[in-house]
Amino acid sequence: MSAKFLRRVLTACASMLVVGGLLAAPASADLQKPSQQWLRDSQAGLFLHWGMRTSPGYTSCSAWEKAVTDGGWNPAYWVTEAKKLHASYLVLASFHSRLGYSRAWPSKIPGSCSTKRDFLGELIAAAKPQGLKVILYMTNDAQWHDEGGHEWLDSAGYSKYKGKTVDLDTQDGFGQFSYDNFFEVMKNYPDLGGFWIDNDNAYWESHNLYGQIYQQRPDYLLSNNNEDTPIMDTISNEQKTGMTPAYDYPQATYTAMPRLTEACFKLPDTGSWWYGGTNSAVNKALNIGRLVTNSGSSIKSLMAETAMVNGKFPSNQESFNDFANTYLSAIWESLGGTEGAGYMYGGMQPGFWNDGAHGVITISKSDPDLQYVHVLTKPSTSTLKIRDNGYRVRRVTNLRTGAAISFSQGGGSLTLTGLSGWDTYDTVFKVETAGRTGTYDPKTVTLKASASASGHSGQSASDGDYLTYFDNNKTLPVNLDYDLGSAKKVQYLGINQREDSVSYARSASEQSARIKAYQVFVSSDGKNWGSAVKSGTLPSHRGVQFVDLSAVTARYVRLQVTSTYAASSDSTRYKRLRIDETWLGSDYATSAG
């Protein structure tokens, strides 16, 4: 099945989803819609935590505003720095529970700091002609109302404004105050890109806030932090750590494509999200690696920098931005206009390769026969071996130098040889292919499951549609039986499991719901299966996985999954198995070069 075919199927199904009216089903937004396209075309954003408690910190709103203006704050600076990072949007987090609930814009609603100067408006005006969007952070949280011994919220002022007593120090009272602010901002800033919302507030939910936002500003984007709220356009995963390699951020995410997903992380990976008075170091390998691995999983990198009171970044962050500008420009062909390969867009297998090598692969949106191999951790040898997923390779070059790379294909793998001169952070190989070969069209294969959840039959894993998936209804062992219609050669199985769990155990209750132990059987009649022709264990890794067979000829093939990775402590994912697509391969690809 070609990447072009998958894209056509996905687009057609997505168009069907867009037809539904939002207000008719306020609990869930359209999975894909035109207002999201700019973010789908992006790779990165710049997150700016900046408010009254930015060091040295102020308790007077007017004093903070004076310090900002006297310091020479200029919105063009933030826009320029974002473009150095190849970011397409900025998220302004001043109305933050830990930053004094500072509204960096004029407001007629009393209740917290509101500046006379319109910093938000100036930023939107500076970003728009440069093709950048501005998203406004909104907090749900009143718990930090008296942080540092100062009361940051004005309940008396807001109560007078509302004509009733409202305690802003409570979640319900703060919910009312912030609710009013959403509408004032929508009225005053039609060119705003949307809201980045830090979790939910019961008052918002009970008053259908999100549905009203979409109704009044259908071009706005809504992003939610940490929890996957269906009505939101995007889920953002905050500062995930602990994986190996440390830069492979997607290992800690749990949202399946094509859901829009952000990875939100601090560029100075230690310290607060906001400027606390220090010039923290920025780890180039970690942050370049995070951006690249996120791109290789179609995840957007929301990179946080700590703006000082005058808006400038500490010198280490400025230096990193300058470095990133040059570094990323040299390889942007392999990042901009691409999707993550090895997932729903087709492509070779990313992740853990031979001899300690690790990286991701990106695939061009405009030319799915063009892929880019990003080697972030080099192998201990001069050879790199990657599962080719049936793509016939015509040519391989080093993207930076243009030098031709020696390669061969066989046994399901692309092997690059004689490699040297590795880049410190990301060696990129441009792989030109002649498309895929040797796979049976899943739509010609009947697939039945021994157990399935309602609406998620076995055939959902063999329909060419990544908007449907098979669910085993937490039943193990479970069989997936393939019927090819007649006896045919079978060389391997390809499997794209649903990426709706982490790929390593982050905690007792956040574990991988992927295939662990399996067996493969074949049959001529679909009744007598005999002994397994293959038994093994799949790794708990993201992206396409393969089960290779000694070539057999059979009409029926059974994949029996006997265990998955999640432990019983993770009750949500224990014994759960979801598969987006599977397919049978008849032959391994050979070189087209």
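# Reading side chains, backbone and helix packing

Student: I should like to begin with a single residue: is Arg387 buried or exposed in this structure?

Tutor: Arg387 is buried, because its relative accessible area is 13%, and the cut-off for buried is under 20%. Please bear in mind that this is a predicted model.

Student: Which residue forms a salt bridge with Arg387?

Tutor: A salt bridge is recognised when a side-chain nitrogen of Lys or Arg lies within 4 Å of a carboxyl oxygen of Asp or Glu. Here the partner of Arg387 is Asp548, and their closest N and O atoms are 2.6 Å apart. Asp548 belongs to strand E23 (residues 545–561) and Arg387 to strand E13 (residues 384–387), so the pair ties together parts that are 161 residues apart in sequence. Asp548 is partly exposed, with a relative accessible area of 23%.

Student: How many salt bridges does a search of the whole structure find?

Tutor: The search finds 28 salt bridges. One of them joins the side chains of Asp233 and Lys33, at 3.2 Å from N to O. Asp233 sits in the loop between strand E5 (221–225) and strand E6 (234–238), while Lys33 sits in the loop between helix H1 (3–18) and helix H2 (37–40), so this pair links parts that are 200 residues apart in sequence. Asp233 is buried, at a relative accessible area of 0%, and Lys33 is buried at 13%.

Student: Where does the salt bridge of Asp481 and Arg558 lie with respect to the strands?

Tutor: The side chains of Asp481 and Arg558 meet at 2.7 Å, N to O. Asp481 is in strand E20 (residues 478–497) and Arg558 in strand E23, so parts 77 residues apart in sequence are tied together. Both Asp481 and Arg558 are buried. Salt bridges may also share partners: Asp471, Asp500, Arg576 and Arg578 are joined in this way into one network.

Student: How should I read the backbone, and which peptide bonds are cis?

Tutor: The general expectation is that most peptide bonds are trans and that most residues other than glycine have a negative phi. In this structure the bond from Thr244 to Pro245 is cis, with omega near -5°. A further cis bond joins Met257 and Pro258, with omega about 5°. Pro245 is found in the loop between E6 and strand E7 (260–266), and Pro258 likewise lies in the loop between E6 and E7.

Student: Which residues other than glycine have a positive phi?

Tutor: Tyr101 has a positive phi of about 50°, and Asn208 has a phi near 50°. Tyr101 is in the loop between strand E2 (89–93) and helix H5 (119–127); Asn208 is in the loop between helix H8 (202–206) and helix H9 (209–216). Their surroundings can be read from accessibility: Tyr101 counts as buried at 0%, whereas Asn208 is partly exposed at 30%.

Student: What describes the packing of two helices?

Tutor: Two packed helices are described by the angle between their axes and by the distance between the axes. For helix H4 (residues 75–84) and helix H11 (residues 315–331), the angle is about 50° and the axes are 8 Å apart. H4 is therefore oblique to H11. The contact is made by Tyr77, Glu81, Lys83 and Lys84 of H4 together with Glu318, Asn321, Asp322, Ala324 and Asn325 of H11.

Student: How do the residues of this contact divide by character?

Tutor: In the contact of H4 with H11, two residues are nonpolar, two are polar and five are charged.

Methods. Residues numbered from 1 in each chain as written. Predicted model: local features only at pLDDT ≥ 70, side-chain atom pairs only at ≥ 80, totals over all residues. Heavy atoms only, no water. Helix = DSSP H or I, 4+ residues; strand = E, 2+ residues; numbered from the N terminus. Buried < 20%, exposed > 50% of the residue type's maximum accessible area, 1.4 Å probe, protein only. Axes fitted to C-alpha atoms, helices over the stretch in contact; angles between N-to-C directions. Parallel < 35°, antiparallel > 145°, perpendicular 65-115°, else oblique. Contact = heavy atoms within 4.5 Å. Nonpolar A, V, L, I, M, F, W, Y, C, P; charged D, E, K, R; others polar.
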